Amino acid sequence: MTDTPILEISNLTRTYRKGGLFGGTSFNAVDNVTFTLPSTPQVFSIVGESGSGKTTVARMILRLVEPSEGSIRLLGRPLSGKAHDRIDDHEFRRLVQPIFQNPFEAFSAYLPVEAYLRRTALNLRIASNDAQAVEASDAALRSVGLSYERIAGKYIRQFSGGELQRISVARALIPKPKLIVADEPVSMVDASLRMSIVNLFRQIVEEQGVSFIYITHDLSTAYYLSDQVSIMNTGRVVESGVPTEILDNPQQAYTRELMAAIPTVGERWSELAEIDSQFGYADARHSKVSPPTINNDA
Ligand SMILES: Nc1ncnc2c1ncn2[C@@H]1O[C@H](COP(=O)(O)OP(=O)(O)OP(=O)(O)O)[C@@H](O)[C@H]1O
Ligand SMILES: [Mg+2]
């Protein structure tokens, strides 16, 4: 079935205990969250202040945290539950790949980074020998503007954060996943390189048919990059829809506060609206047209 949604999240809740082992209270880090990524590849952004539950949602999708309640279905199949219809670990790792915030933590300082790409190709049985692993790594690296030759023999300290994050993206692409979960993937990348990584995501969506969950504090990149946005506050989705509707006309006070509370966004908001009208920004979001550079230092 071609129109099976990539991801269906239904009434997802995760409860944690707050305070001491005795007498502590429990609270919902994620509270009854529901959203769907349709079969058409796209970017779904989750935006919210610190502690709103974004990473907890991501970790449940990545099967790193068990939901307390609710369900997650990937391509129509449950992530947890009875073994016979649940997606097994191997298949899951091919279908869903993470990109984390700090690319320096994604690789050890003691191994050349290309070793991680080869290892991914071998572990996920994309390659059955080293030559094939090099080939798969090179193909993935080329799709992010690098090559195996260019990175071979180098260690993390020999790369910038932006380059390393590109290499993390290449590593994630090796199994040709259906979904990439990227938790604050550009927040530690040098400001001048952020938009190039964001554009890379868009290119991957269009050219490789991969969907993204993009988690960020930065409303401007979410606005630019996404097809859908969900705003989270204290574990709940308080507003969701297409970015132009949500962010140009926020219905919730929290969303407006979020826009105002993030200093760089507050300042850039009128600038973005300006760019929007000048360059057909909203249209560019869905095409391969390069967007104007946004100065994140503002
Ligand atoms: N393992 C855990 N045990 C207890 N509480 C947790 C655990 N993980 C997260 N929390 C709490 O759940 C809430 C949501 O955390 P989460 O990391 O999902 O937020 P976030 O939106 O990703 O925040 P940030 O923007 O700072 O990354 C926070 O109050 C956090 O302290
Ligand atoms: Mg987080």
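The exercises below work through the side-chain interactions and overall build of a predicted model.

**Exercise 1. The overall build**

Task: State how many helices and strands the protein has, and what share of its residues is buried.

Solution:
- Start with secondary structure. The protein has 13 helices and 10 strands.
- Turn to burial. Of the 298 residues, 50% are buried.
- Look at the contacts with a separation of 6 or more. Residues 24 or more positions apart account for 68% of them.
- Finish with the surface. About 14,000 Å² is exposed, and carbon and sulfur atoms supply 48% of that area.

**Exercise 2. A salt bridge between strands**

Task: Find the salt-bridge partner of Arg-236. Then explain what the pair ties together.

Solution:
- Identify the partner. Arg-236 forms a salt bridge with Asp-31, and their closest N and O atoms are 3.0 Å apart.
- Place both residues. Arg-236 lies in strand 10 (residues 236-241), and Asp-31 lies in strand 2 (residues 25-37), so the bridge ties together parts 205 residues apart in sequence.
- Check the exposure of each. Arg-236 has a relative accessible area of 47%, so it is partly exposed. Asp-31 has 15%; the cut-off for buried is under 20%. Asp-31 is therefore buried.

**Exercise 3. A helix and a strand**

Task: Which elements does the salt bridge of Glu-91 and Arg-77 tie together?

Solution:
- Confirm the bridge. The side chains of Glu-91 and Arg-77 meet at 3.1 Å, N to O.
- Assign the elements. Glu-91 belongs to helix 2 (residues 89-95) and Arg-77 to strand 5 (residues 77-78), so the pair links parts 14 residues apart in sequence.
- Classify the partners. Glu-91 is partly exposed, at 29% relative accessible area. Arg-77 is partly exposed too, at 31%.

**Exercise 4. A salt bridge within a helix**

Task: Work out how the spacing of Arg-202 and Glu-206 relates to the helical turn.

Solution:
- Begin with the contact. Arg-202 and Glu-206 form a salt bridge, 3.0 Å from N to O.
- Count along the helix. Both residues lie in helix 8 (residues 191-208), 4 residues apart, so about one helical turn separates them.
- Compare burial. Arg-202 is buried at 6% relative accessible area, whereas Glu-206 is partly exposed at 33%.
- Look for shared partners elsewhere. Glu-114, Arg-118 and Asp-130 are joined into one network by salt bridges that share partners.
- Close with the total. The model has 8 salt bridges.

**Exercise 5. Aromatic pairs**

Task: Decide whether Phe-35 and Phe-44 are stacked or edge-to-face. Do likewise for Phe-107 and Tyr-116.

Solution:
- Set the scene. The structure holds 4 aromatic pairs.
- Take Phe-35 and Phe-44. Their centres are 4.3 Å apart, with 15° between the planes. Planes under 30 degrees apart count as stacked, so this pair is stacked.
- Check their cover. Phe-35 is buried at 6% relative accessible area, and Phe-44 is buried at 2%.
- Take Phe-107 and Tyr-116. The centres lie 5.3 Å apart, and the planes make an angle of 80°. Over 60 degrees counts as edge-to-face, so that is the class of this pair.
- Check again. Phe-107 is buried at 3%, and Tyr-116 is buried at 14%.
- Add the cluster. Phe-201, Phe-212 and Tyr-214 form one aromatic cluster.

**Exercise 6. Charges over rings**

Task: Which residue lies over the face of Phe-92, and which over that of Tyr-116?

Solution:
- For Phe-92, the residue is Arg-63, at 4.4 Å from the ring centre.
- For Tyr-116, the residue is Arg-119, at 5.5 Å from the ring centre.
- Link back to the pairs. Tyr-116 is also the edge-to-face partner of Phe-107.

Notes: Residues numbered from 1 in each chain as written. Chains lettered and ligands numbered in written order. Predicted model: local features only at pLDDT ≥ 70, side-chain atom pairs only at ≥ 80, totals over all residues. Heavy atoms only, no water. Salt bridge = Lys/Arg side-chain N within 4 Å of Asp/Glu carboxyl O. Helix = DSSP H or I, 4+ residues; strand = E, 2+ residues; numbered from the N terminus. Buried < 20%, exposed > 50% of the residue type's maximum accessible area, 1.4 Å probe, protein only. Contact = heavy atoms within 4.5 Å. Areas by Shrake-Rupley, 256 points an atom, 1.4 Å probe, with all protein chains shown as cover. Phe/Tyr/Trp six-rings, centres within 6.5 Å; stacked < 30°, edge-to-face > 60°. Lys NZ or Arg CZ within 6 Å of the ring centre and 35° of its normal.
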